[in-house]
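Please look through the report below, which describes charged side chains and empty spaces in one protein model. It is written for a reader who is new to structures of this kind.

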Amino acid sequence: MAQTGGGDIRVHALKVAYGQQLILHGIDLGFEAGSFTALLGSSGCGKTTLLRTLSGFVPVVSGRIEVDGQDLTTVPPEARGMAMVFQSYALWPHMTVAENMAYGLKLRKESRSKIASKIDGLLSMLALEGLGGRKVTDLSGGQRQRVALGRALAIEPSILLLDEPLSNLDAKIRLTMRHEIRAIQQSLGLTVIHVTHDREEAMTMADRLVVMDRGHIAQIGTPENVYDRPNSPFLARFMGAENRLNFRDSGQGLECEGYRLPARLSESDGRAIVYFRDEAACLDTNTSATGIKGRVINRSYPGGFYRFAVETSDTVIAVSGDDAIEPGTAVTVTLDPNKIHVFPATMAVEEEGSK
């Protein structure tokens with residue numbers, strides 16, 4: 001299949017509602033031609049609504065959608081130069097693999113010879129050789145996903161929209177399809193927008209993450225940037241830093257129970273909340289060591305390391321380690337200052353109060 005190249009998308013002040021309920025609150029966003037962007041967020045954040053609005057299946061209240069400088073806000077879905085792969089695949093069960101993949105081409109009244117040639121190429125690209133005459137109901141989940149992808153690619157779109165297409169696959173096939181979709185995107189130069197709630201999936205497939213929260217954009221950046229430098233307590237938690245401890249700026253660093261971190265906070269009352277992932281903490285059974293005192297209340301073994309629940313004076317945190325420390329053991333917790341995320345306490349309170 002020839003390289004198609006991608007389209008450049010610009011979204012300006014986009015508002016979308018279902019009935020009287022506003023879902024998207026004035027989104028401004030751009031997708032560069034040939035880029036792979038993941039729309040990431042929890043259920044109800046607006047990511048799927050944004051995708052369906054781009055495709056033309058959901059009307060806008062106000063705002064504008066442009067592709068390569070052309071206003072497509074009111075253009076019907078079939079005229080936007082986009083193709084969409086749905087979570088449910090949406091394949092025709094009474095059709096063969098080849099018939100499903102050729103469906104869009106037949107609607108465009110392409111010649112039989114052109115359709116046959118294109119479908120043969122797609123079957124080869126998607127590792128479906130010899131299955132063109134088989135009913136899709138006889139295929140595995142991974143094969144059905146490839147058929148859905150082939151049907152989308154058959155019309156040679158410049159923009160490919162993916163609505164959680166891997167969520168119905170088992171873990172092993174999902175990993176394979178991540179790499180295959182990414183390779184196809186790069187070889188064809190497509191602009192891809194991928195909706196997912198799976199953080200790892202988004203980070204391994206996309207060039208850029210757009211994290212959404214309650215109809216707003218919470219943060220935009222590379223996977224590394226969003227993971228390592230979340231811009232809010234919400235982002236820190238969403239990207240896996242679910243542990244939190246209360247600290248205070250002493251003027252010489254952040255302190256908690258006499259334990260000091262080499263970090264400062266420019267806020268009047270100096271109260272801070274430190275967020276971190278379990279691997280950013282270290283346990284020491286030497287209770288005289290400097291650190292935050294706690295007690296192991298639970299231990300599990302997910303494979304390759306142990307995960308502990310540690311009770312401190314005012315909370316319970318999760319910590320990973322290599323040694324099998326027994327529940328009930330008193331421990332000292334220290335943190336890697338390069339792997340923590342520090343925010344003013346008032347910022348966390350404001351986020352929680354707005355929910």
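The text that follows takes up salt bridges, then one buried arginine, and then a pocket and a cavity.

**Salt bridges**

The model is predicted, and the structure holds 15 salt bridges. Three of these pairs are set out in the table, each with the distance between its N and O atoms and the relative accessibility of both partners.

| Pair | N to O distance | Acidic residue | Arginine |
|---|---|---|---|
| Asp 8 and Arg 10 | 2.9 Å | Asp 8, 17% | Arg 10, 28% |
| Arg 64 and Glu 66 | 2.7 Å | Glu 66, 17% | Arg 64, 32% |
| Asp 278 and Arg 307 | 2.9 Å | Asp 278, 13% | Arg 307, 32% |

Which of these residues count as buried, and which as partly exposed? A residue is called buried when its relative accessible area is under 20%, and partly exposed when that value lies between this limit and 50%. Asp 8 has a relative accessibility of 17% and therefore counts as buried, while its partner Arg 10, at 28%, counts as partly exposed. Glu 66, at 17%, is buried for that reason, whereas Arg 64 reaches 32% and so is partly exposed. Asp 278 is buried because its relative accessible area is 13%, and Arg 307, at 32%, counts as partly exposed.

The bridge between Asp 278 and Arg 307 links distant parts of the chain, with the two residues 29 positions apart. Asp 278 sits in the loop between strand S14 (271-276) and strand S15 (281-284), while Arg 307 belongs to strand S17 (residues 306-311). Asp 8 and Arg 10, for their part, belong to a network of salt bridges that also takes in Glu 32.

**A buried arginine without a partner**

Arg 151 is part of helix H5, which covers residues 141-154. How far away is the nearest side chain of opposite charge? That side chain belongs to Glu 99 and is 11 Å away, and Arg 151, although buried, has no salt bridge. The reasoning rests on a cut-off, because a salt bridge needs a side-chain nitrogen of Lys or Arg within 4 Å of a carboxyl oxygen of Asp or Glu. Leaving aside residues up to four places away in sequence, Arg 151 touches Tyr 89, Ala 90, Leu 91, Trp 92, Asn 100 and Met 101.

**A pocket and a cavity**

Rolling a probe the size of a water molecule over the atoms shows where empty space is left. The largest pocket has a volume of about 600 Å³. Of the 21 residues in its lining, Glu 78, Met 82, Ala 83, Met 84 and Ile 155 are the closest to the centre of the pocket. Strand S6 (82-85), helix H3 (103-107) and helix H5 are the elements that each supply two or more residues to this lining. Sorted by class, the lining of the largest pocket contains 14 nonpolar, three polar and four charged residues.

The count of cavities of 30 Å³ or more comes to one, and the largest cavity has a volume of about 30 Å³. Its lining is made up of Leu 149, Leu 160, Ile 181, Ile 184, Gln 185, Leu 190 and Val 192. Helix H6 (residues 171-188) gives the largest share of this lining, namely three residues. By class, the residues around the largest cavity are six nonpolar and one polar, with no charged residues.

Definitions and conventions: Residues are numbered from 1 along each chain as its sequence is written. This is a predicted model: local features need pLDDT of at least 70, side-chain atom pairs count only at pLDDT 80 or more; totals for chains, interfaces and linings use all residues. Side-chain values use heavy atoms; hydrogens and water are left out. Helices (H or I, at least four residues) and strands (E, at least two) are DSSP runs, numbered from the N terminus. Buried means under 20% relative accessible area, exposed over 50%, partly exposed in between (1.4 Å probe, protein chains only). Lys and Arg count as positive and Asp and Glu as negative; His and the chain ends are not counted. Contact means heavy atoms within 4.5 Å. On a 1 Å grid over the protein atoms alone, a cavity is a set of points where a 1.4 Å probe fits but cannot get out, and a pocket is an open set with protein on both sides within 12 Å along at least five of seven lines; lining residues have an atom within 4 Å of a point. Grid points are joined across faces, edges and corners, and a volume is the space filled by probe spheres set on the points. Ala, Val, Leu, Ile, Met, Phe, Trp, Tyr, Cys and Pro count as nonpolar, Asp, Glu, Lys and Arg as charged, and the others, Gly among them, as polar.
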